[in-house]
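Work through the exercises below on charged side-chain pairs. Try each task before you read its solution.

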Amino acid sequence: MSPNPLRNLPSVHELLESPPLKGLVDRISHNAVVSTARTVLDEMRREVQTAATEMTLPSVADLAERIARRIAESETPALRPVINATGILLHTGLGRAPLAEEAIAEAAAVARDYASLELDLSTGRRSRRSAAVENLLRELTGAEAALVVNNNAGATMLTLAALAAGREVIVSRGQLIEIGGSYRLPEVMAASGAVLREVGSTNKTRLDDYTRAIGDQTAALMLVHPSNYVVMGFAESVPLAELVDAGRRHKLPVIHDIGSGALLDFSQFGFRGEPVAGESIKAGADLVLFSGDKLLGGPQCGIVIGRKALVEKIEQHPMARALRVGKLTLAALGATLRLYRDPEKARLTVPLLHLLCTSADNLKNRAERLAPQAAATPAVAEAKAVADVTYLGGGSLPTQELPTWCVALQPRTISVDRLATALRTGTPSLVGRVRQDRLLLDLRSVLPRQDTQLIAALEALGKPADLP
Ligand SMILES: *Cc1c(COP(=O)(O)O)cnc(C)c1O
């Protein structure tokens, strides 16, 4: 039997004495160096234990070098700006909607200084932190009252907990949605303490399916907008107005989860059937729930609007405190909502709406201008402007296509995947979409001011031979 190679691994103490790490202890922190050294040593041990053949251990100097590199990497922020050239406008992995300049400026201003978060400056009295934003929401949607929490999942869970814990909420089997990752309506409902009463079938639910399920245990009727799928063909669902009628007759509140939170009619951008928050209130929904960072184009948050008595009940639930938002969110949301006072202004200044409104001709011109510039960078063999289609994505209208134009790149000597990785990990980080032997840079989700950065990202790669 060969001697145990793990015995030859240096100790953390030994590593700390090596020159590169000694310097880092002073410059960054003792803890950071010790904890990174432990992690790298653990990885080394695992590598040795799982290696098929005997492996030579790196020298102390090599190991120290590796640890120093890891610490240097951890000094750059993990959350970095990305140029989104995937074409998906509401990419959850890329943080959904970018904020309007007005929203950024107001969030930055209250971040830097103390802020009038719970102080009414005119009276000197304590005020509710979200009062100003709630007034704007009431004005823009016609609702009696509003509440802002951490996200729409939070808004849903809180609403159900406050109004329906221990009692039943009736939902159509065709609307038990799952949103990418960990949001599943039946699970959110279970966690809230409300009991899900499913009615109808996957493809058809009629009004009497709801009304027959109503009993003394019923707390609410709920309608959910299936924002990331459609039931087509032999299908039927109950329109909001009919459910509202049934709710009135049985004295039950109707909750409408519209998901994407459009404040404007999206048919002007070519999208059909997207519920508008104010329309849902007008149609009689008692509560309407939506996200702030989807079609609204604001910061991550969840918004509840509707009847005053119900909103107040929700607000008084202990979970409301656990889900409340901070001053940065309130400042950014307030600024975004003020832009909507003039819909034309919102279209120009809310980045999501601006990207959506950009004409295919405009994208074509930019793609044709950028293609030769991209082709002149060392890692690119060929670049062409090509027409394509994309989607809003991120749980929003994934079945409706948006026309777009892309710069299609063919790399020089390296694979498309390698080019994609190099651009993703580069500075600035650029994420496109791979299609067969091309990397498509889709301009639908690229802000015009980012065009020069996009070329800079390609230039920064240098020659293919130098790529990692
Ligand atoms: C996106 C979405 C949610 C979850 O919203 P988050 O803000 O991501 O928590 C809930 N319901 C519907 C219908 C949605 O589209």
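**Salt-bridge exercises**

This is a predicted model, where local features need pLDDT of at least 70, side-chain atom pairs count only at pLDDT 80 or more, and totals for chains, interfaces and linings use all residues. Residues are numbered from 1 along each chain as its sequence is written, and side-chain values use heavy atoms, with hydrogens and water left out.

**Exercise 1.** Find how many salt bridges the whole structure holds.

*Solution.* Start with the criterion: a side-chain nitrogen of Lys or Arg within 4 Å of a carboxyl oxygen of Asp or Glu. Search the whole structure: 34 salt bridges turn up.

**Exercise 2.** Analyse the pair R324 and E118.

*Solution.* Step one: their side chains form a salt bridge, 3.9 Å from N to O. Step two: R324 sits in the loop between α13 (318–322) and α14 (327–339), and E118 in the loop between α5 (101–112) and α6 (131–141), so the pair ties together parts 206 residues apart in sequence. Helices here are DSSP runs (H or I, at least four residues), numbered from the N terminus. Step three: R324 is partly exposed at 35% relative accessibility. E118 is also partly exposed, at 22%. The classes are buried under 20% relative accessible area, exposed over 50%, partly exposed in between (1.4 Å probe, protein chains only).

**Exercise 3.** Place R212 and D208 in the fold and classify their exposure.

*Solution.* The two side chains meet in a salt bridge at 4.0 Å, N to O. Both lie in helix α9 (residues 207–213), four residues apart, about one helical turn. R212 is exposed at 61%. D208 is partly exposed at 42%.

Methods: Helices (H or I, at least four residues) and strands (E, at least two) are DSSP runs, numbered from the N terminus.
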